[in-house]
Amino acid sequence: MLELSGVSVAIAGVPVLRNVSLKVPAGGRVALIGRNGAGKTTTLRTLMGLVPATTGKVVIDGEDETRLPPHHRPRHGIGYAPEDRRLFGSFTVEDNMLLPAQVLRLSEQEIAERLARVYGLLPELKELAPRKAAGLSGGQGKMVALGRALMVGTKAVLLDEPFQGLAPALALRYAEALKRLRAALPDVAILITESNPELLRPLVEQTYVIERGEIAPD
Ligand SMILES: Nc1ncnc2c1ncn2[C@@H]1O[C@H](COP(=O)(O)OP(=O)(O)OP(=O)(O)O)[C@@H](O)[C@H]1O
Ligand SMILES: [Mg+2]
């Protein structure tokens with residue numbers, strides 16, 4: 001479903017990723033583990049087309065997307081929850097979730113169905129729906145970012161350090177939500193980054209470790 005092969009990325013002339021290859025099969029649950037600055041976010045941004053690969057290939061759903069701009073990804077059913085969430089503070093939670101689906105010009109009916117599905121999976125979001133995003137706690141914001149990614153991510157979602165900074169009770173709820181997701185939407189692939197491998201072990205089938213921009217050998 002998602003594949004990087006031999007990807008290197010340099011930002012402002014500084015090598016950030018070196019020869020990174022990883023695969024997330026359709027419906028697969030894969031973790032990308034690494035310390036601060038290891039290259040996790042850059043890897044996800046490269047998959048999303050937000051950072052150009054200097055060398056190597058980005059293949060999404062069997063198509064070479066290396067040179068295609070980021071707005072092609074949602075068309076492939078790929079959702080992205082960035083580590084900084086990027087919600088619009090003056091919009092309600094629900095409007096934040098609707099926005100990417102509206103940008104894709106999905107039909108009203110399709111959008112309503114997807115929203116109902118997301119609320120079914122993440123009932124917390126239904127309660128938060130009318131609130132302004134600016135007033136959310138960090139953990140609530142992460143849930144909204146997950147819901148928003150699921151609105152467009154019908155085939156895959158990329159989650160960047162969703163557990164970072166969550167209080168233990170919220171982290172548990174988030175992990176439960178991911179388990180429900182796996183049961184309810186078995187075809188949606190998940191690539192999730194984290195610095196602590198223990199958190200993700202029960203949630204994924206495969207783990208890659210990234211160190212200083214390189215995938216570590218098993
Ligand atoms: N826009 C940028 N300009 C300069 N350097 C960058 C930029 N983005 C990333 N880097 C550098 O690339 C390296 C990898 O960064 P990246 O954000 O991908 O790591 P990360 O694993 O997501 O780290 P964190 O755990 O802090 O989120 C770091 O050394 C970082 O300083
Ligand atoms: Mg990061």
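Helices, of at least four residues, and strands, of at least two, are DSSP runs numbered from the N terminus.

**View 1. Overall fold of the predicted model.** The protein holds seven helices and 10 strands. Its radius of gyration is 17 Å, close to the 17 Å that the globule rule gives for 218 residues, so the protein is as compact as a globular protein of that length. The C-alpha trace spans about 45 × 40 × 35 Å along its principal axes. Half the chain is tucked away: 50% of the 218 residues count as buried. Take the contacts with a separation of 6 or more. Residues 24 or more positions apart account for 72% of them.

**View 2. The open sheet of four strands.** Strand order is 2-1-4-5, and the pairing is antiparallel. Strand 2 (14-24) and strand 5 (63-64) form the edges; each pairs on one side only. Two bridges join strand 4 (residues 55-60) to strand 5 in the antiparallel sense. Val59 has its bridge partner, Asp64, in strand 5. Helix 1 (residues 40-47) lies across strand 1 (2-11), strand 2 and strand 4. It runs at about 115 degrees to strand 1.

**View 3. The magnesium ion (ligand 2) and its protein donors.** Thr41 (OG1) and Glu83 (OE) coordinate the ion at 1.9 to 2.5 Å. Thr41 belongs to helix 1, while Glu83 sits in the loop between strand 6 (78-81) and helix 2. The pair therefore ties together parts that are 42 residues apart in sequence. Glu83 has a relative accessible area of 30%, so it is partly exposed.

**View 4. The largest nonpolar core.** This core has 43 residues. Met97, Leu122, Leu125, Leu159, Phe163 and Leu178 touch the most other members. Elements that give two or more residues include helix 2 (93-103), helix 3 (108-121), helix 4 (123-128) and helix 6 (168-184). Strands contribute too, among them strand 3 (29-33), strand 7 (156-159) and strand 8 (189-194). Beyond residues up to four places away in sequence, Leu178 touches Leu146, Leu159, Phe163, Ile190, Ile192 and Leu203. A second, separate core of 27 residues includes Leu32, Leu44, Ile78 and Tyr208. In soluble globular proteins, nonpolar side chains tend to be buried together.

**View 5. Leu146 in helix 5 (residues 138-152).** Leu146 counts as buried because its relative accessibility is 1%, and buried means under 20%. Residues up to four places away in sequence are not counted here. On that basis Leu146 touches Ala81, Leu122, Leu159, Tyr174 and Leu178. Lys57 makes a distant reference point: Leu146 and Lys57 are 89 residues apart in sequence and 27 Å apart in space, C-alpha to C-alpha.

**View 6. Ile215 in strand 10 (residues 214-215).** Ile215 has 22% relative accessibility, so it counts as partly exposed. Neighbours within four places in sequence are left aside. Ile215 is then in contact with Val20, Ser21, Leu22 and Leu32, and also with Tyr208, Val209 and Ile210. Asn36 lies 179 residues from Ile215 along the chain, with a C-alpha separation of 15 Å.

Definitions and conventions
Residues numbered from 1 in each chain as written. Chains lettered and ligands numbered in written order. Predicted model: local features only at pLDDT ≥ 70, side-chain atom pairs only at ≥ 80, totals over all residues. Heavy atoms only, no water. Pairing = 2+ DSSP bridges. Contact = heavy atoms within 4.5 Å. Axes fitted to C-alpha atoms, helices over the stretch in contact; angles between N-to-C directions. Buried < 20%, exposed > 50% of the residue type's maximum accessible area, 1.4 Å probe, protein only. Core = buried A, V, L, I, M, F, W, Y, C linked by side-chain atoms within 4.5 Å. Donors = N, O, S within 2.8 Å, 3.2 Å for Na, K, Ca; no water. Rg over C-alpha atoms; globule rule 2.2 N^0.38 Å.
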